[in-house]
Structures are given as structure tokens and as C-alpha cells.
Amino acid sequence: MKKYRFLSLLLLFPMVLTLFTAPAAALEEPDLFCTNAVLLDANYNEVLYDKGAYEKAYPASTTKVMTALLVLEAIENGQLSPSTMVTAGPTRMQDIPSGAGYVVASLKEGEVMSVEDLLYCVMLPSAADTANVLAVEVDGTIEDFVAHMNRKAGELGCQNTHFTNTAGMHSEDHYSTAYDLALIFQAALEYDLFRTIIKTAAYTVPATNLSAERYFYNTNGLISNLWYSGYVYDKCIGGKTGNTDEAGRCLIAAAEDGDTLLISVVLGSGPMEQEGYEDLRQGQLVESKRLLEYGFNNFERVTITKGTEPVDKVAVTMSRQADEVNVKPQGSITRTLPKDMDLDAIETKIALFSEEVEAPVEEGQVLGVMTLSYEGEVYGKLDLVAVNSVERSELLYKKEQFISFFQDTWVQIILAVVLLLAAFILLRLLVFRKKRRYLSGTGARSRSNYRGIRK
């Protein structure tokens, strides 16, 4: 007996222990050291993290992603090729303040370099003069190229972006948002050449007609230790840095893990303290890696369904088979959601197209929609479909047609006119008959009187 009592207590212990176990905490977002940031699931355009992501900010040299994108489009449409040789003109230093510390490749007027080499100069060391040279090659003038940049931003869905130069020199009128920059980078990632360039740690530009070989290093410390040491992130596939006094230190970065592609944007960061390090760290690199890891560690692709049980019903007319039909949700919604999210907490809102429907009703006929949301964010919508078919009663249908026909306004007007006309004709006939009888009676009396006179 004691043996079984001990076994019962042993089985009860885990149950009691769960009463003292705290429930799983909700996913805690990182508090990043920056002014603006966004984390985008680039395969599905879903924002996983937002810190002022839609607010106006200065992009600095992350601007050059748009410059590269327009050059890549020109290659795609056949206007240029990677091997096209381009001559640097007098506008190579346009809009670049002298002595301001902006990075340049020191191109000389008349120097010839390939489009591909110029793109490496734009994206790795962030050379502003090469951005200007490419701009002129694509659109003829820097002004036309900048207008092209703004048109493309609109085409990509950027809502708060305006460029005034090709390289990111500071201007009050040169601005973007973290989210808009993620969209631009997402578009550039469609090009294999862009991916190859941004993951390159170092690049040698061959000697030109006016210069010896040039050696450039990638300023993105998540890719290599050649510029900044101690920040390499093995899942990072590339990015673009930016830095001005007004913009702070900025980084757009992309990382892949299996089928997941994330884009992070960190703007307005700077030197920061990090636990375990005595010296100040590069905030744009630390926080970008932290944001990307947050995405990989805490989110997954989830398929949301709401079962196949009826959730509402719609009244049915014109049928003797049934006076209502049940509706159920159909299909599924796929979203990138926190791994610990309770899917049962997703709220549903049912909206029927009408309170009643006329037979016939076909099984699977869409009669409404179910909206799924969580904490005010709409995740998607599912069709509400008829569970079964409902046949129409031809007798009820014809009866309704008959009644409806005579309830039509024009039919009623015509009937009223016909009735008035019939009444008028009938009245005329009655008057005519009465007059005829009167005339007939008058004639008979006249003939009688005439015979009386003759007698």
C-alpha cells in the first residue's frame, strides 16, 4: 500500500510544479542603440521589427544602393554591360565638397574604367566620384540621374524618400526612411552581380590609362575584418555602410539562413559600450548583427488555418430544401510570426456579404470573409464558403418572378395607364349607349306623334 502511495505522490509532483512555473514571457524586442531601424523578412515583405522605421532620416552613403540599382537595371536592359568602358568626365566631383572627408577613388578626368570596376568602387570603399561617373553614363547628366533615382524610389513603394545627389552627401532635402532603404536594398538583391560585389571582402581595380592598381576593402565589418575587426557575422551576405555627422553611422545588411532572407537597416548609431569589451564598439555593426540574430532566433514561417467547422450561417430564400446554409473558413494564411506566439490568441472577425442569399447555393460558394488579426495588426483574410449546396424551388422561383414582375415600377405605370385607358373607353361606351338609347326613344315618340297628327 505504501508503494502505491509513493508512486501517486511521484506522479503528482510534476503537476504541482507546473502551478509554480511562470508562463512564457511575450517576445521582448531589442532596444537598439540607434535612432531608426527596421527588420524585414525580404521574401515576404513583412516587417519583424520597427523603431521609427517610417520616419524621415538621413541615409548618408547607403544612398549608393539606389545608384548601383539603376546601373544594374541599365545592364539588364542592354544599355550597358559590366565590361563597358567609361571615361571619367569633369562632373566626377560634382556635389562633393572638397576637403569634407568624403571617400573618393581619386579618378582623374579622362581616366577610363569598366562599369563593373566602378560598381566595386561605389559599394566597397563607398567612392562618391565613381557614383557620379556612373550616373552620367546612365542618364547623361547627374541631375537627370537624380530625377531617375526619385522616380525609381516611387516605383518601389518608397513613401518618404527624396534624393538630391548620387552618393549621400548631406542635404536637408536628401532623406529617406529605414523601411524605404530596405525596399531599395531588396530590389538590388535581385541582381547576382550586386550580391557578388557586396559579399566581397577586398577588390583590386586593375591599372587604368591614368592610374596604377587600386586596392579597396569592404567597409561592412559584418563581411570581413579588413576594415573593422571583430564583427564578422557568418550569415551576412553583404550590405552598405554610411556615415555623416548628421546621419550618424548607418548600415543596411542582409543575411540568409536556409530559406530565410532578412534585411536589417540601422540608422543614426555610433560608438557604443558593449558588455565584455573595454573599448567602444561600432554601434551600426553591433546592432545590425543583434537585429538579424533576433529575427533568426525568434521568428518562423507559420501557416494559420481556422479549421473546417461552420462559424456562421446565412438565410436562404427560394428553396424548400433548407432555409439556411452554414459557412466555414476556407484556405490558410502564411505569416512570419514569433515562435512562441499562441495562435489561439489570434482574433477573428466575420463579415457576411448579406444576411440572406437566394437559392441555388453551390457548395464552396463564397458568402463572406473572416479577418484574422492580433493586437490590432491584420494578418490576412479567409473566404467564408457554403458548407453544402441548396437547390432552388422552381415553383417558389416562378411565383417570386410573377410577383416581382408586377411590383416593377414601370410595369405598374403601364398597368395604371392601361387601366385608365380602359376606364376611359368604358366610360365612353356607356355614354354612347345612353345617348343612343335617348336618341332612339326620342325618335319613337316623334314617329308616334306624327301618326297621331295624320289621324
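Which residues form one aromatic cluster together with Tyr-49? In this predicted model, the cluster is made up of Tyr-49, Tyr-294 and Phe-299.

Across the whole structure, the search returned seven aromatic pairs. Tyr-54 and Tyr-179 make up a tilted pair, with a centre-to-centre distance of 5.1 Å and an angle of 45° between the planes. Tyr-54 is located in the loop between β2 (46-51) and α2 (64-76), whereas Tyr-179 belongs to helix α6 (residues 178-188), so the pair ties together parts that are 125 residues apart in sequence. The two partners were assigned to separate burial classes: Tyr-54 is partly exposed, at a relative accessible area of 46%, while Tyr-179 is buried, at 18% relative accessibility. A stacked geometry was assigned to Tyr-374 and Tyr-379 because their ring centres are 6.4 Å apart and their planes lie at 25°, an angle under the 30 degrees that counts as stacked. Of these residues, Tyr-374 is partly exposed, with a relative accessible area of 24%, and Tyr-379 is buried, with a value of 9%.

Charged side chains were examined next. The search of the whole structure gave eleven salt bridges. One of them joins Arg-335 to Glu-46, with 3.7 Å between the closest N and O atoms. This pair links distant parts of the chain, as Arg-335 is in strand β15 (residues 333-338) and Glu-46 is in strand β2, 289 residues apart. Arg-335 and Glu-46 are both buried. The two residues also take part in a network of salt bridges that includes Arg-301 and Glu-377.

A salt bridge also connects the side chains of Lys-152 and Glu-73, at an N to O distance of 2.5 Å. Because Lys-152 lies in helix α5 and Glu-73 in helix α2, the pair ties together parts that are 79 residues apart in sequence. Helix α5 spans residues 142-155. Both members of the pair are buried; for Lys-152, the relative accessibility is 12%, so this residue falls below the 20% limit for burial. With neighbours within four places in sequence set aside, the contacts of Lys-152 are Met-66, Leu-69, Leu-70 and Glu-73. Glu-73 is thus both a contact of Lys-152 and its salt-bridge partner.

Glu-109 and Arg-92 form a further salt bridge, in which the closest N and O atoms are 4.0 Å apart. Glu-109 and Arg-92 are both situated in the loop between β3 (85-87) and β4 (112-114), 17 residues apart. Glu-109 is partly exposed, with a relative accessible area of 49%, whereas Arg-92 is buried, at 17%.

The cysteines and the nonpolar surface were also considered. No disulfides were found in the search of the whole structure. Cys-121 is buried, with a relative accessibility of 0%, and Cys-158 is likewise buried, with a relative accessible area of 11%. On the surface, a nonpolar patch is formed by Leu-421, Phe-424, Ile-425, Leu-426, Leu-429 and Leu-430, which together have about 590 Å² of accessible area. Leu-421, one of the patch residues, is part of helix α10 (residues 409-454).

Notes
Residues are numbered from 1 along each chain as its sequence is written. This is a predicted model: local features need pLDDT of at least 70, side-chain atom pairs count only at pLDDT 80 or more; totals for chains, interfaces and linings use all residues. Side-chain values use heavy atoms; hydrogens and water are left out. A disulfide is a pair of cysteine sulfur atoms within 2.5 Å. Buried means under 20% relative accessible area, exposed over 50%, partly exposed in between (1.4 Å probe, protein chains only). Helices (H or I, at least four residues) and strands (E, at least two) are DSSP runs, numbered from the N terminus. Contact means heavy atoms within 4.5 Å. Patches are made of residues with over 30% relative accessible area and no salt bridge: like charges are joined within 9 Å, nonpolar side chains (Val, Leu, Ile, Met, Phe, Trp, Tyr) within 5 Å. Accessible areas come from the Shrake-Rupley method with a 1.4 Å probe; for residues, only the protein chains shown count as cover. Rings of Phe, Tyr and Trp (its six-membered ring) pair if their centres lie within 6.5 Å; planes under 30 degrees apart count as stacked, over 60 as edge-to-face and the rest as tilted.
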